[in-house]
Amino acid sequence: MKKYPFIFLLLFSIAVAHAQENPKIDKKTFFNSAEGIEKAKKDLQTADKYYNKGYGTFDEALKNYLEVYQYNPASNELNYKIGVCYLWTSDRKASLQYLQNSSHEVANDYYLLLGRSYQYNLKFAEAKEAYTSYMESLTKWKQFDSRKQFNQLIDECIASESLIKEDSVQVSVVNLGQVINSYYDDYGAWLFDQDSSVYLTSKRPKKESLKVKSRTGSKEQVLVSNNCIYQPATYALPVQKISSSKNTSIAGVDRNKKGIYFYKGGRKTGQLMKANYDGKNWKVNSLKGKINHIAYKESSISIASDSTAYFITDRRGGEGGKDIWVCRQKKDKKFSKPNNLGKIINTSYDEEGVFVTPDGNTLYFSSKGRNGMGGFDVYKSVRNADGKWSEPENLGYPINSAADELFYHPTSDPNIALISTIRNDSFGGLDIYKVQFVPVIEHTLPVKDKPQSEE
């Protein structure tokens, strides 16, 4: 997804790389009643201001558009804008009723957004029909340019139908609550084995205002929280000497030592670093060798017990976008020359959030380039006896959805993993969830004694 320069912007894709349209509401015909007109005009002005700013302020636009809706619910343009706003909030399913009450005459991307809304509501036949209507509305040249995107959206619908129909594992996806999560974007949580701390990335400002207006503007920072997979989070605080004036995001953990890997940089430059904790203080060092590159960005890393390191980068020589690369950890902070993991794992789209199990035999990662349910889905690949990786398997529904699922990190509890996504119960932005598998309990029926035969 090329519109995101690095991790902290990997959020809230509608799966279409374009800006929503901005149809104007004809005030002469819209304001047709004297009752409540002054408040409606003020609310509309405020809503349009936030709508025009785009990503990060749609919540504020939506709040005011809904006030205007009470004045005049019949406007196609207003219904379209409310639908657009809902598509950029956690309650994306609510967009459908408003888009259905609008019209394709309002905006050229109407059918495209309607299809996306149908996907969020698990109405895949209707989504395919809407996407087809969108393609038919384009000129021949635009149809040619949009063919790849159109095919991917149709494939997502077909894959979703199959994944939902399959006998899925018994699993629940549970929000970890409004301490570790916030109105802003919170993601990439890692939990040390047998440790009491969870490390995560957050876009919340260092000083939160009571009057929240936008999710954008604040820099990434690395936070630490208590182990909240069995109990609620009670704090989420910046990790000292790691969070700084630059963007810092958690990239991985060192299973062998008390250390974390993190990305530190800006929009154009940055690098992977490591911080070790000696019981009192954090000591920060840059990673050496070939793992960091001045012209590219390395965003997440996971290292197996045999020192094989898997990491995400957008450097040249890959399959396209961000790929998973592999190298060897020669020393604590020194790495060998990396190699691309190849077409079996990587696609022409982005891969993100790689995780390798300690034994080095299982990879979990997110990809946008496979037949998933929409956006980034989580996949699993297993190393075969010949050392090659198996065809990645989609983890299925409800772990994956039409939204982005990122940074799937299993914990030492085999029935629990951490994941970053957005669901209807999210607190605003991308949130951290617990994936809880329900263990299968085998029941054995008692064997009755055979009746003794009478002599």
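Begin by selecting strand S20, residues 405–410: five of its six residues are buried (under 20% relative accessible area with a 1.4 Å probe, protein chains only), so the strand is largely enclosed by the rest of the structure. Strands here are DSSP runs of E with at least two residues, and helices are runs of H or I with at least four, each numbered from the N terminus.

The model is predicted: local features need pLDDT of at least 70, side-chain atom pairs count only at pLDDT 80 or more, and totals for chains, interfaces and linings use all residues. Residues are numbered from 1 along each chain as its sequence is written, and side-chain values use heavy atoms, with hydrogens and water left out.

Add strand S21, residues 416–421, to the selection. S20 and S21 pair in the antiparallel sense over four bridges; pairing requires that DSSP find at least two bridges between two strands. Five residues lie between the two strands of this hairpin. To inspect one position of the pairing, label His409, which stands opposite Leu418 in S21.

Next, display the open sheet of four strands, ordered S2-S3-S4-S5, with antiparallel pairing. Its edge strands are S2 (186–191) and S5 (236–238), each of which pairs on one side only. From one strand to the next the twist averages 30°, where axes are lines fitted to C-alpha atoms and angles run from 0 to 180 degrees between N-to-C directions. Within this sheet, select S3 (residues 197–202), which four bridges join to S2 in antiparallel fashion. Leu191 has Val198 in S3 as its bridge partner.

Move now to helix H4, residues 76–87. Its 12 residues reach 17 Å from the first C-alpha to the last, close to the 16 Å expected at 1.5 Å a residue; the expected span is 1.5 Å times one less than the number of residues. Because 10 of the 12 residues are buried, H4 is largely enclosed by the rest of the structure. Among the buried residues are Leu78, Asn79, Tyr80 and Lys81. To see what covers them, show the surrounding elements, including helices H1 (27–30), H2 (37–53), H3 (58–71), H5 (95–100) and H6 (110–120); contact means heavy atoms within 4.5 Å.

Finish with the cavities. A search of the whole structure finds two of 30 Å³ or more, a cavity being a set of points on a 1 Å grid over the protein atoms alone where a 1.4 Å probe fits but cannot get out. The largest has a volume of about 70 Å³, the space filled by probe spheres set on the points. Select its lining residues (an atom within 4 Å of a point): Val253, Asp254, Arg255, Asn256, Tyr261, Ile303, Ala304, Ser305 and Gln329.

Notes:
Buried < 20%, exposed > 50% of the residue type's maximum accessible area, 1.4 Å probe, protein only. 1 Å grid on protein atoms, 1.4 Å probe; cavity = no way out; pocket = protein on both sides within 12 Å on 5 of 7 lines; lining within 4 Å.
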